[in-house]
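Trainee: Hi, have you got a few minutes to go through a structure with me?
Mentor: Sure, put it up and we'll talk it through.

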Amino acid sequence: MLKLINVKKYYSSFLALDIPELTIGEGLWWLRGENGSGKTTFLKLVAGLHPFNGDIIIDDEYSIKKQRLHFTRRINYAEAEPLYPSFLTGRDLVHLYCKTKDGNIDEAVENLRQLHVLAAYEKAVGTYSSGMVKKLSLVLAFIGHSRFILLDEPLITIDVQALEVVCRMIGDKHKQGVSFIITSHQSVQKEQLMFSGAMLAAGNTITLIPHEDSK
Amino acid sequence: MNHFYKVNAGIFIFLFFALFGLPQQPYYFHTALIHGILESQSFLVFVMFVWLLYGLKCIVFIVNQLNDQKLSFLHCLNNLNRRKRVLCLLYVQVLICMPILLYAGAILLIGIKQGKWIYVFEIVVFNIVLICLSAFTYLIVLERKTLLPRIPIPSIVIRYDKPFFLFSLLHLWHTQKQMLLVTKSFSLLILWIFMHTYEPVGYDIRPLMLCVLLSIISHSAIVVQLKIFDDEGLSFTKNLPISIPNRFLALATTVSVLLIPEFVFVWKGYGVHFSWPDFPQIVLFPISLVCFFYTVLFFKATTVKQSVPVVFGISTACFFILLYNPGIVLALVICILSYVLYSSYYYHVERKAADSNA
């Protein structure tokens, strides 16, 4: 469970996000909202990439402010447009993530193989196409023993075959008890991902949508 | 062009300081320098070599810009006719080469006055050829043509687990080679001159420490680059469970590796300029100071230009404190202060650029 308490995010003096209280239970969550509604900002706050006021607590125990190491071990994140240093190889990143997130290298390599990017494993990320970088970022987000995986537009950029693999990976991981918050503008996810609920980003805040309305 | 001058502001400020700030009488210094250039062909060749290096720097920068995906809109220049395209690229090159053209202009004025027509001719031809060849190179890149068929160069790929601290160094190596070269050359030159010219009467660690301070100041532009890379290139690592002590340790290790050439040079002064008991402060002081330069960049000083007064202020304070021979205490205080600032601000400050992008 993820609990947000008095979360406020300012960009200079502009209040981009204001969430007085929000509890996100386990499940496969679809985060909806128009462009610029704060979906990515929300995910980045939860992932710990941006500073903010307030607190986020996972599993009623670990605060992002007070127990950051425990918190980030339980939250993984894949950006919509991932950016990695061009001189690092896929191998470097997989090893870094596995080392810090206590992940399994063989599992990550297998995911890369399924997404058809294993051939570029030893090559510098700078030589990857945007689709390959996206696939790599998704594989990295699945490394370790996270409780929540945040995926920002996971279905864009990648090819149709990879899309099916990613949906399967999400489903498998969800069965293992991992929760997801996924943003997507694509309609394909409704058929391939069985969302358990939805959230709406609008009016500088995030709210849960009752199950009937989310369909 | 603006971006070129912004990116290289640190080097320009440094060169301006070195060429016009350090000499006591800059006018006479440069007049004498120009007379020297006009008296000796070998000196002129050396100056042309320096200009050539600058020209290569310009070429690398513009070619990278033209190949940058974010700037792919620049290829709409191909819609212009070839003559206009060439004129446009020549204009770019002239503006970018303005510092050397201005200096070349000054040499030409004195050369014409003195009737050194061969030198004048050589300088004019060299600069015209440099500008035209550069513009021609940009044209080739813009039109997506290749000058020569690609010859595969055999290379050895060494596979190794890159430790986290190495990422920043690799970034410098891949993207800031010229800055590294200039900084290291200057830094080591200072130490070399000190080691070979200063003969201590009695044992005193302070001259060496002041020399080390000067050497470290020259690294300020590199520190800004490290910070920018950490903020932009390594922002994804904030989601990784790496503790603050480990992150700070990685920073200190990066700095230590970066300063290895300086430590090797300083080691040459063992027995003459320092003895064993002072060695820890000679090593710890530069590492701590560079870390401190890094951590103060959390306070909105996010560009080379903004960092100059900050670096100047800290260096001035260190200069006066070093005169009182504080020993290893100063290095320890700076190190602790750096860690406190780092741990307080690492997760709580974000770059202004990130704000605007979000």
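**Strands, sheets and the interface**

Mentor: Let's begin with one pair: Lys8(A) has Asn53(A) in S4(A) as its bridge partner. Keep in mind that this is a predicted model.

Trainee: Okay, so which strands does that pair belong to, and how many bridges join them?

Mentor: S1(A) and strand S4 (residues 53-58) of chain A run antiparallel and are joined by five bridges.

Trainee: And what does S4(A) do with S5(A)?

Mentor: Those two also run antiparallel, with two bridges between S4(A) and strand S5 (residues 62-63) of chain A. In that pairing, Ile57(A) stands opposite Ser63(A) of S5(A).

Trainee: How many residues sit between S4(A) and S5(A) in the hairpin?

Mentor: Three residues lie between S4(A) and S5(A) in the hairpin. Look at Asp59(A) in the turn, where phi is positive at about 55°.

Trainee: Nice. What's the strand order of the sheet they sit in?

Mentor: The order is S2-S1-S4-S5 (chain A), an open sheet of four strands with antiparallel pairing. Strand S2 (14-24) and S5 of chain A are its edge strands, each pairing on one side only.

Trainee: Changing topic, what's the order in the six-strand sheet?

Mentor: In chain A that open sheet runs S6-S7-S8-S3-S9-S10, and its pairing is mixed. At the edges are strand S6 (75-78) and strand S10 (205-209) of chain A, each of which pairs on one side only. From one strand to the next, the twist averages 20°.

Trainee: Mixed, right. Is S3(A) with S9(A) parallel or antiparallel?

Mentor: S3(A) and S9(A) pair in the parallel sense, over five bridges. As an example, Trp30(A) has Ala198(A) in S9(A) as its bridge partner.

Trainee: And S9(A) with S10(A), parallel or antiparallel?

Mentor: Antiparallel there, with five bridges between strand S9 (residues 197-202) of chain A and S10(A). Met199(A) is partnered with Leu208(A) of S10(A), and Leu200(A) is partnered with Thr207(A) of S10(A).

Trainee: Which way do neighbouring side chains point along a strand?

Mentor: As a general rule, side chains in a regular strand alternate between the two faces of the sheet.

Trainee: Good to remember. Which residue in the S9(A) and S10(A) hairpin takes a positive phi?

Mentor: Gly203(A) does, with phi near 60°, in a hairpin that has two residues between the strands.

Trainee: Switching again: how big is the area buried between chain A and chain B?

Mentor: About 2500 Å² is buried between chain A and chain B, and carbon and sulfur atoms give 63% of that. On the chain A side, Pro51(A), Phe87(A) and Leu96(A) lose the most area to chain B, together 22% of what that side buries.

Trainee: How many residues does each chain put into the contact?

Mentor: Chain A gives 30 residues and chain B gives 27 residues.

Trainee: What about salt bridges across that interface, how many are there?

Mentor: The rule finds two salt bridges across the interface of chain A and chain B. One of them is between the side chains of Lys162(B) and Asp92(A), at 2.5 Å, N to O. Counting polar contacts as well, eight residue pairs qualify between chain A and chain B, with both residues at pLDDT 80 or more.

Trainee: Which elements of chain A give two or more residues to that side?

Mentor: Strand S1 (2-11), helix H2 (68-74), S6 and helix H3 (90-101) of chain A do. The largest share comes from H3(A), with eight residues. By type, the chain A side that touches chain B divides into 15 nonpolar, eight polar and seven charged residues.

Trainee: Last one: how many salt bridges are there over all chains?

Mentor: The search of the whole structure finds 15 over all chains. Among the salt bridges is the one where the side chains of Arg91(A) and Glu122(A) meet, at 3.7 Å, N to O. That pair links distant parts of the chain, 31 residues apart: Arg91(A) is in helix H3 of chain A, while Glu122(A) is in the loop between helix H4 (105-114) and helix H5 (130-141) of chain A.

Terms used
Residues numbered from 1 in each chain as written. Chains lettered and ligands numbered in written order. Predicted model: local features only at pLDDT ≥ 70, side-chain atom pairs only at ≥ 80, totals over all residues. Heavy atoms only, no water. Pairing = 2+ DSSP bridges. Axes fitted to C-alpha atoms, helices over the stretch in contact; angles between N-to-C directions. Contact = heavy atoms within 4.5 Å. Buried area = accessible area lost by both parts, 1.4 Å probe. Salt bridge = Lys/Arg side-chain N within 4 Å of Asp/Glu carboxyl O. Polar contact = N/O pair within 3.5 Å; in protein donor to acceptor, adjacent residues only side chain to side chain. Nonpolar A, V, L, I, M, F, W, Y, C, P; charged D, E, K, R; others polar.
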